[in-house]
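Student: I would like to work through the fold and the packing of this model. Can we take it step by step?

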Amino acid sequence: MIAHPERTPRPRRVLEWIDAWLRRPESVINPDPGWKPARGRIGVYAICSVFFLSLFGLSLGASHSWRMSLLSAVKMPLLFLATLGICLPAGFLLNLMLGAGFSRRELAAVYLMGLSLLALIASSLSPIGFFFALTGCRYHFYTFLNLGFLLYAGWAGGRRLLFCGKFLTGGRPAGRRAVFLVLVFLLTAFVGLQLGWTLRPFIGDPERPMTWFRYGDVDRNLYVQQWQNLADLLRSAGK
Amino acid sequence: MNDGVNIPNGEYGVAPENENRNPIPRAPARSVIDRLLREPEEFLREMFQPGRTGGFLPVLTWRIIFAAAVFGAVMGGFHSVLMAGTSAVKLPLLYVLAVLICLPSFYTSNCLFGSRLSFLQVAAAFACATAVNAVMLAALAPVSLFFLVTSGSYGFHKLLNVFFCAVGGLCGIWYFVRAMRTAAEASGQRLRKGVMFIWLLLYAFVGTQLGWTLRPFFGAPGQPFEFIRKGRISNFYENIIQTISEPDSERNGRDN
C-alpha cells in the first residue's frame with residue numbers, strides 16, 4: 001500500500017506506515033499464510049512500540065516533574081519489553097501444547113504487533129494527559145485518567161494480537177490459535193501488572209520526592225496487596 | 001467578475017452550466033463559509049476528495065480564528081476594552097487548542113473501529129464543525145452587543161452568551177455529523193455513531209477544562225482585569241465535585 005518507497009522521503013514513509021498500520025492492518029501484515037516474519041519486520045514493530053510507549057511515558061510523569069517524565073519515558077518501554085521476555089518461554093511451551101503452530105519468531109512478531117498498536121493508541125491519548133497534567137489536577141484524578149487510557153489501549157492491543165494471529169500459521173485450527181492467543185494475553189497481563197507494580201512510580205505523587213523505585217510502604221506483590229486491601233475493606237464493613 | 005463570465009463555480013450559489021464541476025485547484029478563500037453553509041454536502045464531498053483536503057484546512061482555520069475573535073471581543077466587552085481584547089485572543093485559542101488536543105485520539109479510535117478516514121479528513125471534519133460553530137457565534141455577536149449596550153446587566157450578559165455558545169456548539173455538532181457522514185460515504189463506509197458520540201463527550205470534557213483554565217472570558221464588573229485567573233490552577237471537575245460535597249466551602253467561592 002505504500003507507494004514508491006524509494007522515492008518518498010523517510011519521515012513521510014514512516015507516517016504512511018503508521019497510517020496504514022492503523023487503518024488497514026491487513027495491508028501491512030502479509031496475508032500469505034506461509035509468511036515467516038523477517039528480522040527487519042519485527043524490528044519495525046519493536047521500534048514503533050518503544051518510541052510511542054516512551055511518548056506515553058513522558059505524559060505519565062508530566063504531572064510530577066520533567067525528571068519523572070524522562071524516567072517514565074525510559075521505564076514504560078522497559079516494562080512492556082521485559083514482560084515479553086518473561087512471557088515468551090511459557091508462551092512458546094503453551095503454543096506447542098495447544099498445537100497453535102507459532103514459531104518463536106512468529107510469536108514475538110504477533111506480540112510486538114499488538115504492543116505497537118497499544119503504544120500508538122496510548123500515545124495518541126497522551127496530548128489529553130499532558131493537558132490535564134499542565135493545567136493542574138490531583139494525583140488520583142490523573143492516575144485514574146491514565147489507568148483508563150491504558151485499559152483502552154490494552155484492549156485495542158489485545159484485539160490486534162488476535163487479529164494478527166489469524167494471519168499467521170496457516171493450516172492450523174483457528175479455534176486453538178484463538179484460545180492460545182487469549183491465554184497468552186492473560187498471562188502477559190498478569191505478569192505485566194506485577195512488573196508495573198515493581199517498576200513504579202510512573203506518575204509520581206507530586207507531594208512526594210522523586211524516586212527511581214518505590215518500596216517499603218506497601219507489599220511488593222500487587223496481588224497480595226490488593227487481596228489485603230479487599231480483606232481490610234470487608235473487615236471494616238463487617239464491624 | 002463584472003460581466004458574470006468569470007464567476008467561479010458555485011461561488012454565488014449558481015453554477016454556470018458550461019463550466020467544469022470541479023475547476024478549483026485549491027480552496028478559494030472568499031466562498032468557503034458561504035458554500036459550507038449553503039451547500040454542505042457538495043462542499044464536503046469536494047473537500048474529502050483525495051489530495052484536496054489539505055488545501056481547505058488553513059482557510060477554515062483562519063475563518064475560525066477571525067469569527068471566534070469577534071464573539072470573544074463582545075464577550076469581554078462588558079468589563080473593559082482590555083478584557084475584550086484578551087477574550088478575542090483567548091476564545092479562538094480555546095477552540096483551536098481543544099481540537100488539537102483531541103484530534104490524535106479521535107483519529108486512532110476511528111481507525112480502531114474500522115473507519116478508513118485519513119488524519120487530514122478527520123481534521124477537516126473538525127475544522128468544518130468548529131468553523132460553523134465560530135461563524136454562528138460571530139453572527140450572534142451583534143445581538144449580544146445590542147444587549148450589552150442597552151441592558152447593562154452582567155448576569156444577563158453572561159447567561160445570554162453562554163446560551164449563544166450552546167447554540168453555536170449544537171450547530172457545530174450538527175455539521176460535524178454531516179461532515180463525518182459525507183466522509184464515510186466518500187470512502188464507501190457507514191458512519192460509526194458510537195465512536196463519534198464517545199469522542200464528542202471526550203471533546204466536551206477537554207473543552208470544559210480548557211475553558212476553565214483560560215478563564216475569565218467575561219470578567220465580573222468590579223473585579224480587576226486579569227489575563228488568566230491567578231491562584232491555584234484548578235481542575236473543573238474536581239471543583240464541581242467539591243462544590244457538590246461542600247456547597248458552602250470558602251474555596252469554591254474563590255475558585256469560581
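Tutor: The questions below concern a predicted model.

Student: Which secondary structure elements make up chain A, helices or strands?

Tutor: Reading from the N terminus, the elements of chain A run α-α-α-α-α-α-α-α. The count of strands in chain A is zero, and what chain A holds is eight helices.

Student: Which helix of chain A gives the most to the largest nonpolar core?

Tutor: The largest nonpolar core has 112 residues. Among the residues with the most contacts inside this core are A:Trp21, A:Phe132 and B:Phe176. With 16 residues, the top contributor is helix 5 (residues 104–135) of chain A.

Student: Where does A:Phe102 belong?

Tutor: Apart from the largest core lies another one, which also includes A:Leu107, A:Val110 and A:Val184. A:Phe102 belongs to this other core, of nine residues.

Student: Are helix 5 and helix 6 of chain A roughly parallel or roughly antiparallel?

Tutor: The axes of helix 5 and helix 6 (residues 139–167) of chain A lie 7 Å apart, at an angle of about 155°. Angles over 145 degrees count as roughly antiparallel. Therefore helix 5 of chain A is, relative to helix 6 of chain A, roughly antiparallel.

Student: How many residues in the contact of helix 5 with helix 6 of chain A are nonpolar?

Tutor: Helix 5 of chain A passes helix 6 of chain A in a right-handed crossing. The residues of their contact include five polar and one charged, and the nonpolar ones number 21.

Conventions. Residues are numbered from 1 along each chain as its sequence is written. Chains are lettered from A and ligands numbered from 1 in the order in which they are written. This is a predicted model: local features need pLDDT of at least 70, side-chain atom pairs count only at pLDDT 80 or more; totals for chains, interfaces and linings use all residues. Side-chain values use heavy atoms; hydrogens and water are left out. A nonpolar core is a set of buried Ala, Val, Leu, Ile, Met, Phe, Trp, Tyr and Cys residues joined through side-chain atoms within 4.5 Å. Buried means under 20% relative accessible area, exposed over 50%, partly exposed in between (1.4 Å probe, protein chains only). Helices (H or I, at least four residues) and strands (E, at least two) are DSSP runs, numbered from the N terminus. Axes are lines fitted to C-alpha atoms, for helices over the stretch in contact, and angles run from 0 to 180 degrees between N-to-C directions. Angles under 35 degrees count as roughly parallel, over 145 as roughly antiparallel, 65 to 115 as roughly perpendicular and the rest as oblique. A crossing is left-handed if the near helix is turned anticlockwise from the far one by less than a right angle, and right-handed if clockwise. Ala, Val, Leu, Ile, Met, Phe, Trp, Tyr, Cys and Pro count as nonpolar, Asp, Glu, Lys and Arg as charged, and the others, Gly among them, as polar.
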